[in-house]
Amino acid sequence: MTETTAGQAPGILFARMAPPPETEDAFNEWYETEHVPARLGVPGFVAAHRYKERDAEPDPAYAVVYEMESADVVKGEAYRSMQAATAPRTDAVTGGLRAFHRSIARLHSTAGEDLGDVGHPWLWVVAFSVPDDRAAAFDDWYDTEHVPLLLKAPGWRRTRRYVIESGNDHLTHLALHDIDGPELLDAPERRAAGSTEWRATLAAEPWFGRGARWLFNRISTAKR
């Protein structure tokens with residue numbers, strides 16, 4: 001795999017949220033003017049990339065990727081103090097969310113182009129729930145076969161893989177794919193990557209289908 005040096009945050013906070021349609025505008029205003037600035041004020045937070053999910057049903061859905069110098073930033077006193085200070089407002093806004101996923105994750109590998117620290121307009125996020133005793137086999141397949149095949153597709157720019165250290169559900173691994181557009185999901189190279197014998201062997205195991213897939217379009221980026 002081709003390693004990149006820029007934009008491969010050692011740690012991320014990834015969250016996906018679905019506000020009720022009637023509060024969507026207020027949710028976005030709060031997120032842009034309060035939530036993001038508060039976290040970028042914490043030492044160790046580097047950037048925040050916000051996305052809107054394509055074709056989310058039944059409610060609109062949004063995601064954020066906070067890039068951090070380390071996944072341990074959220075364990076520090078500065079982050080805990082910020083959380084405590086902003087908790088009342090955060091609880092008031094997020095209490096009505098229809099869906100909420102949050103993960104703190106550390107970088108496992110990066111392959112593809114050097115996209116700098118801004119990234120790409122489209123993000124395809126694939127999450128898995130991998131048992132501990134199958135993690136090595138899963139990583140071997142994903143890094144050795146799956147990612148190289150995906151990167152053969154023109155417009156499949158980069159794949160960053162993260163291991164979830166803490167979260168609010170069963171997910172254990174995240175793959176963040178920077179792509180040119182939704183049409184890449186139907187590319188013949190992607191179909192080939194999804195139809196190999198190696199993948200079929202893993203897909204036959206019961207844990208393989210317990211993940212999630214989301215397609216997002218970036219709406220804003222803010223840096224510390």
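This is a guided tour of one protein chain, moving from the whole model to its pockets, a cavity and one residue.

**The whole chain**

Begin with everything selected, and keep in mind that what you see is a predicted model. If you colour by secondary structure, you should be able to pick out five helices and eight strands in the protein chain, and if you then follow the chain from the N terminus, these elements come in the order β-α-β-β-α-β-β-α-β-β-α-α-β. Turn the model along its principal axes, and the C-alpha atoms fill a box of roughly 50 × 35 × 35 Å. The radius of gyration of the protein chain is 17 Å, which agrees with the value near 17 Å that a compact globule of 224 residues would have. Buried residues make up 51% of the 224 residues, and, among contacts with a separation of 6 or more, 80% are between residues 24 or more positions apart.

**The largest pocket**

Next, select His 35, Arg 39, Thr 90, Phe 100 and Arg 102, which, of the 19 residues lining the largest pocket, are the closest to its centre. The volume of this pocket is about 290 Å³. To see what surrounds the space, show β1 (11-18), α1 (24-40), β3 (62-68), α2 (77-94) and β4 (99-112), each of which supplies at least two residues of the lining. Which of these elements gives the most to the lining of the largest pocket? It is α2, with seven residues. If you colour the lining by residue class, you will find 11 nonpolar, five polar and three charged residues.

**The second largest pocket**

Now move to His 146, Arg 190, Gly 194, Arg 199 and Arg 213, which lie nearest the centre of the second largest pocket, among the 14 residues that line it. Here the volume is about 190 Å³. Both β5 (122-128) and α3 (135-150) supply at least two residues of this lining, and the largest share, four residues, comes from α3. By class, the lining of the second largest pocket divides into eight nonpolar, three polar and three charged residues.

**A cavity**

A search of the whole structure also finds two cavities of 30 Å³ or more, and the tour stops at the second largest of them, in which about 30 Å³ of space lies. Select Val 126, Phe 128, Phe 138, Tyr 142, Arg 161, His 173, Leu 174 and Ala 175 to display its lining. While β5, α3 and β7 (173-179) each supply at least two residues of this lining, β7 gives the most, with three. The lining residues of this cavity divide into six nonpolar, one polar and one charged.

**Arg 161**

Finally, stay with one of the residues that line the second largest cavity, Arg 161, and show the strand to which Arg 161 belongs, β6 (residues 156-167). Is Arg 161 buried or exposed? Arg 161 counts as buried because its relative accessibility is 2%, and the cut-off for buried is under 20%. Draw a line between the side chains of Arg 161 and Asp 143, and you will be tracing a polar contact of 3.0 Å. Leaving aside residues up to four places away in sequence, Arg 161 also touches several others, including Arg 106, Leu 107, His 108 and Ser 109. Among its further contacts are Phe 138, Tyr 142, His 173, Leu 174 and Ala 175, residues that you have already selected as part of the cavity lining.

Key:
Residues numbered from 1 in each chain as written. Predicted model: local features only at pLDDT ≥ 70, side-chain atom pairs only at ≥ 80, totals over all residues. Heavy atoms only, no water. Buried < 20%, exposed > 50% of the residue type's maximum accessible area, 1.4 Å probe, protein only. Polar contact = N/O pair within 3.5 Å; in protein donor to acceptor, adjacent residues only side chain to side chain. Contact = heavy atoms within 4.5 Å. 1 Å grid on protein atoms, 1.4 Å probe; cavity = no way out; pocket = protein on both sides within 12 Å on 5 of 7 lines; lining within 4 Å. Points joined across faces, edges and corners; volume = space filled by probe spheres on them. Nonpolar A, V, L, I, M, F, W, Y, C, P; charged D, E, K, R; others polar. Rg over C-alpha atoms; globule rule 2.2 N^0.38 Å.
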